[in-house]
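Me: I'm new to reading protein structures. Could you walk me through one, starting with how to read a nonpolar core?

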Amino acid sequence: MTFINPKAKHGDASDGNLGGRLSRLDGPAKITGSATYAVEHQIEGLVHAVTVQSTIAAGIVTSVDAKAAEASPGVLLVLTPDNIMPLKSATTWAGTPGPEGPFLALPRIVSFNGQHIAAVVAETLEQATAAAALIRVTYEEKEHVYGLDDPRAGDGVPIERMTMSRGDAEKALAEAPVRIEQEYRTPREYNVAIEPHGIIAQWEGDSLTLWEPSQWIDGMARSYAEWFDIPFENVRMISPYIGGGFGSKALSLPHGAVAAIAARMLGKPVKLVVTRPQTFTAYGGRPATRQTLALGATREGKLLSVVQHGVNETSMLGVAVEPLGSVTAIMYAVPNFSSRQNVIPLNTVTPGALRAPGENPSAFGIESAIDELAYEVGIDPLQIRLLNYAEEDPEAKIPWSTRRLREAFAAGAEAFGWSKRSPAPRSMREGNQLIGWGVAAGTYPVRRTPGEALVRILADGTAEVASSSIDMGQGTYTILAQTAAEVLGIPVDRVRVKLGDSALPRAPVAGGSQLANLMTGAVHKAAHAARDELIGLALNHPSSPFLDQQTNTLTIADGVISTPRSEKPNISIADFMSVIGQEKVEALRDTLPEDKKNTQDRYNNFTTMMTMKPPTEGGYSLHSWCAHFVEVRVDADFGTVRVSRMVSALDSGRLYNPKLAESQWRGGIIMGIGQALLEEGVVDPRYARVINNNLGDYLVATNADIPDLQVISVGIPDHHASVLGGKAVGELPIVGVAPAIANAVFHATGKRIRDLPITLDKLL
Ligand code: MCN
Ligand code: MOS
């Protein structure tokens, strides 16, 4: 999508540069409705597909009676396990080979309730929906495992790569003067983006065009190319705007394959949008987790040992790991530590990524447990965190690049008024409201994969930035425009950013909160190259008015080229381009390491996550940090919990656009409040079916649940973390919110809730 906003208003000129509080450039298009989302794309001859999902959790589809559906008005095609075209198995996102055998988008073997098992394509959506209701499926049903508490679930499978150990944790725990051991649990949670998953697929010969919301255009395009055994270049994926993803839109999913198969079989473009209830099984969401944490400490509250064992649910088909030790391993200076993790296969859709997978439930465990320890030894919950402050990465044993967590605690405590806290539980009260104050910390790693961008200066003095990266609301359009504007010396309202199209230069996944750092880096590099080229032309071109200036460099500011001391001539870029008769000056640059620039490496890099660097590579441990301070009010009679005040201080390094980063932080905190108090996927044990599969019953936080949220940036530029000094923003803020609330609830009520969400029944 091309995007330029002539009305982009900003307070002063510097707002258009990096670090400025420029409003979202895509804002007006979204507010006025001119932003076209994937399935809103208008296309001639479009037909509509609807899927039918299994009503059992385990077994075999023995027959599908599609006669009535086929005879139904407008129906063009019914797809079932009997006639579904087998596709080739695609490489996984990590870059490893996919499962053996063909990929069946509508499999005969049912491994979860809500699995797509048939699809109807008709002239209209209504016809397809009506016909889908006529399909009769006969199953041979088998026994299922519904959840972690199912007696048939067992202990699961150990994930060796999650095992961590330093010192002798068991021995140190046994010898510790103070010990606490508890179990913490988080339920199944869903991404519930406002825009559901959907797709339009169209074939022209052996070329496939897909309009599909995507957090990772190149990775998803690769899956389609491999499924259909066509060259990558033959797949074009278009995703200019995304109505939220939160992790759920980074991979190609079976319903997308169904649409592409139907489009191929019919020779017509096919649209398939999963219904809201179907989204709960079309993508997995965060798996339910359970972890035991044992803390051993001195009577003064100094940690001696942490022993953790976690499990998370996965499906019968795939291994999804929610790394429960990720925060536990690094948050505190603990000499003895051990962590293990198992996954338990259930009859469920394969779980997926939801904002801060791993860090989020990991922090719920450790940040609740340390709070419990604080009360046990009688120390302020903030003090105990400072007492155990990790001055270096205790697991990797290398320095942090930057860790402004101490500053975050200080700034947050000051703004919140923490020093006025009365220590005892149930000691703060207003009428019928029990008041509690809680604190918790959070962290998220800085992930690094290379990116690529094109920057083009045009004859009219405007500039273009192009990349296949995406903007699902984080602000990519805006910060990339700011990066180019700053480097090129062109006002930001003359920079056009094109994203969301696989025909553009490659980009890695907008997941793991890495895109901003990677793509500002790539655009910065390309913009410098384009600027150098323009200056080179101004110095050397035979028609250039600067030829006889005897200077070896020039400056560009506000779209005007001049000599460093700004004597004449001053000439606008547009005039200069016309004088030299050139249409454009452009540069394509990537941030691949030299040894990865060959074609196959390039391709693999952008279409899998093979070359993502761990946050500890390069001698420093790279992470963002945050501290959340929460006030809750709990109704003494009814147990209802309201968050009445919240202050969070966050270290994401340098902010490219503080207004947008703050908005990201608030968004993550809001999701965290929902997670703490409301969100829970409820599974009916009889059918292993998610029963609250709609927005009426699966509750997320709304405006009425959210108080004023104060966010404070305590970051400083971190050039070990990224070229331009930023660290991760998007997922950081949700980490630590739920334990901060649980800790505040304990302070208010004296009741420790170790099982999310914190609902009134658990408090009565
Ligand atoms: N930013 C900044 N300074 C930095 C880093 C980032 O100002 N040093 C700001 C920029 O506006 C940037 C945004 O923060 O666009 C997010 O940057 P980053 O942390 O790199 O995250 P990504 O761009 O990779 O976005 C993905 C991240 C993830 S993984 C999830 S999950 C999530 C999130 O972003 N899903 C979101 N935020 C979301 N926001 C919206 N509106 N919708 C989603 O689905
Ligand atoms: Mo985010 S859950 O890494 O897309």
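Reply: Sure! A nonpolar core is a set of buried residues such as Leu, Ile, Phe and Tyr, joined through side-chain atoms within 4.5 Å. The general idea is that in soluble globular proteins, nonpolar side chains tend to be buried together. Keep in mind that what you see here is a predicted model.

Me: Okay, which residues touch the most other members of the largest nonpolar core here?

Reply: That core has 91 residues, and the best-connected ones are Leu79, Leu208, Tyr224, Phe228, Leu488, Leu534 and Ile561. Helix α12 gives the most to this core, with 13 residues.

Me: What does Tyr224 touch?

Reply: Leaving out residues up to four places away in sequence, its contacts include Ile199, Leu208, Val235, Met237 and Ala260. Another core, of 87 residues, lies apart from the largest one, and Trp400 and Val714 are among its members.

Me: Now the ligand. How many residues surround ligand 1, and which are the closest?

Reply: To read a binding site, look for residues with a heavy atom within 4 Å of the ligand. Here 33 residues surround ligand 1, and Gly245, Phe246, Arg654, Gln664 and Gly730 are the closest. By class, that shell has 12 nonpolar, 17 polar and four charged residues.

Me: Which backbone atoms pair up with ligand 1?

Reply: A polar backbone atom of Tyr656 sits 3.0 Å from a nitrogen of ligand 1. Oxygen atoms of ligand 1 lie 3.1 Å from a backbone N or O of Asn657 and 2.9 Å from a polar backbone atom of Val729.

Me: How much of ligand 1 does the protein cover?

Reply: It covers 96% of the 840 Å² of accessible area that ligand 1 has on its own. The elements giving two or more residues to the shell are α11, α12 and α15.

Key. Residues numbered from 1 in each chain as written. Chains lettered and ligands numbered in written order. Predicted model: local features only at pLDDT ≥ 70, side-chain atom pairs only at ≥ 80, totals over all residues. Heavy atoms only, no water. Polar contact = N/O pair within 3.5 Å; in protein donor to acceptor, adjacent residues only side chain to side chain. Areas by Shrake-Rupley, 256 points an atom, 1.4 Å probe, with all protein chains shown as cover. Helix = DSSP H or I, 4+ residues; strand = E, 2+ residues; numbered from the N terminus. Nonpolar A, V, L, I, M, F, W, Y, C, P; charged D, E, K, R; others polar. Buried < 20%, exposed > 50% of the residue type's maximum accessible area, 1.4 Å probe, protein only. Contact = heavy atoms within 4.5 Å.
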